[in-house]
Structures are given as structure tokens and as C-alpha cells.
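Trainee: I'd like a close look at one part of this model, the sheet and whatever sits against it. Before that, could you tell me how far to trust what I see?

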Amino acid sequence: MVIFAAATGLRPSELFGLDRRDVDRQLGVVYVRRAFANGRLKHTKTRLSTRAVPLQAKALEALDRLPASDNPILFPNMRGGRIDFRIFGRKHWRPAQIKAGTEPVRGLYDLRHTYATFALRAGVPVFAVSRFMGSSIAMIDRHYGHLAHDSREHAVALLDALALERAVDAAWTSPRTPRKPVRTSVSGSRAHQPRGRVDVRWTPRLVSVASSDDERS
């Protein structure tokens, strides 16, 4: 469960509210539909909280190591019921991390921060991180935006590559058969100009942009 939490960024209450049917291996996602807190199972608060989180390889490997069970709860306690956040956090969370080999040992909510940190460092767009974590873009930017500063250079590189690709496509566009000139009611320079040629030839000049210098939602 520790590895799964770090690989998905779910809130502890969302983690404890998961059922086995929430995992869709074919699509590679886990659906967050409910949360378990204060002894109550309830639906997630907002449309943003109800979401599909992609499962990376580490998350799937963590699920594969779970013991076979007929219990519909994905992460049950020793009695087969839902894990109580308060009791688990005080008594079992630290031993669970040690057993999982997590270094350094972190708080129950810190693995959500770990997920956001690695996702932004990997170049995942802030918009996508916001959707996966069920938080607003403003919240993600406020707490983790400093981690995404270096992604500006990556974004410029992608835009440059796209512009270059379009320039190549334009150069390889097959010549069009000139159409008959438009009627003389238009100015002379435009009257004999074939339609559709400007968009193919035009490629914007690239302008380099210089880079400037624990959420609990």
C-alpha cells in the first residue's frame, strides 16, 4: 500500500476507500469515487475529486504483491474492514514504510507530496498533475510550481520542434494546380494570386523566451 500511495498520489482517505473493482487494469487506471474517514465511507466531495488516476508500473507491481482475497476492499485492515486513518497513522504507518523499504520514513500524507514532486520533475504538465491529484491548478502551482520551472525549456523545445516539423511539411507539400484568376473587381495583385498558397508557405519566426527566475487539500 505504501508504494501504491506514492505512485498514485491519492489522499489517505481515498486510499482507504478503494475497492478492488476500482482498479481497471485494461485501461491502466484506478477510479477514485469515495473516501473513508472518521469511520464513514462517503463519496468524494467534488467533481474534481472523482477521477481516474493512471497506474504506472510501480503501482501495478504493488498490486501484484497483494495477497489473494475475496474481500472487495483493496486495502483492508487485519479484521477485513476499512483502515482507520487515526489508528493506522499512529501504530502501523511507520512499520509499514520500513517493511516496504521507504527511505526516509515519511508521514502518511507526505507520499502525496512525493507523487507531485516526481510527476513535475518528470515533465508531466501541471494541468495533468492537477487532474490526477484531484486538486486545482492554482493549488498545485502554489505548492509545487517551483518544481516546474525547468519545464519551460522543455516546452520551448517542443514548440520549436513542432514549428520545424510544420516547416518541413510545407516544403514537401505537393504543388497545386493554379486556379483561374478571380474577377477583376479585386485589386490586380490579388486577382491573379492562386488561393491557398499563403498558408502553405508561411512559417512563423521563432522567438526565444528567456526563463525567469504540504498541500493538504
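Trainee: Which element of the chain has the lowest mean pLDDT, and which has the highest?

Mentor: Let's take trust first, then walk over to the sheet. This is a predicted model, where local features need pLDDT (the predictor's confidence in each residue, from 0 to 100) of at least 70, side-chain atom pairs need 80 or more, and totals for chains, interfaces and linings use all residues. Residues are numbered from 1 along each chain as its sequence is written, and side-chain values use heavy atoms, with hydrogens and water left out.

At the bottom is helix H11, residues 198–201, with a mean pLDDT of 42, while strand E1, residues 23–24, comes out on top with 97. (Helices, H or I, are DSSP runs of at least four residues, and strands, E, of at least two, numbered from the N terminus.) Over residues 184–215 the pLDDT stays below 50, yet this stretch still has 31 contacts (heavy atoms within 4.5 Å) beyond near neighbours in sequence. Where pLDDT is low, don't read the predicted coordinates in detail. For the chain, the mean pLDDT is 76, and 65% of the residues reach 70 or more.

Now find E1 again, and you're at the sheet. It's an open one with 3 strands in the order E1-E2-E5, and the pairing (at least two DSSP bridges between two strands) is antiparallel. E1 and E5, residues 51–54, are the edges: each has a single partner strand, so one side of each is left without a neighbour in the sheet. Between E2, residues 29–32, and E5 you can trace 4 bridges, with the two strands running antiparallel. Look across from Val30 and you'll see Val53 of E5 standing opposite.

Stay with Val53 for a moment. Together with Arg51, Val53 makes up the covered face of E5, whereas Ala52 and Pro54 form the uncovered one. That fits a general rule: in a regular strand, side chains alternate between the two faces of the sheet.

E5 also leads us on to helix H7, residues 126–133. The buried residues of H7 (under 20% relative accessible area with a 1.4 Å probe, protein chains only) are Ala128, Val129, Ser130 and Met133. Their cover includes our edge strand E5, plus helix H6 (110–121) and helix H8 (137–144). Just after H7 you'll meet Gly134, with a positive phi near 70 degrees.

Terms used. Buried < 20%, exposed > 50% of the residue type's maximum accessible area, 1.4 Å probe, protein only.
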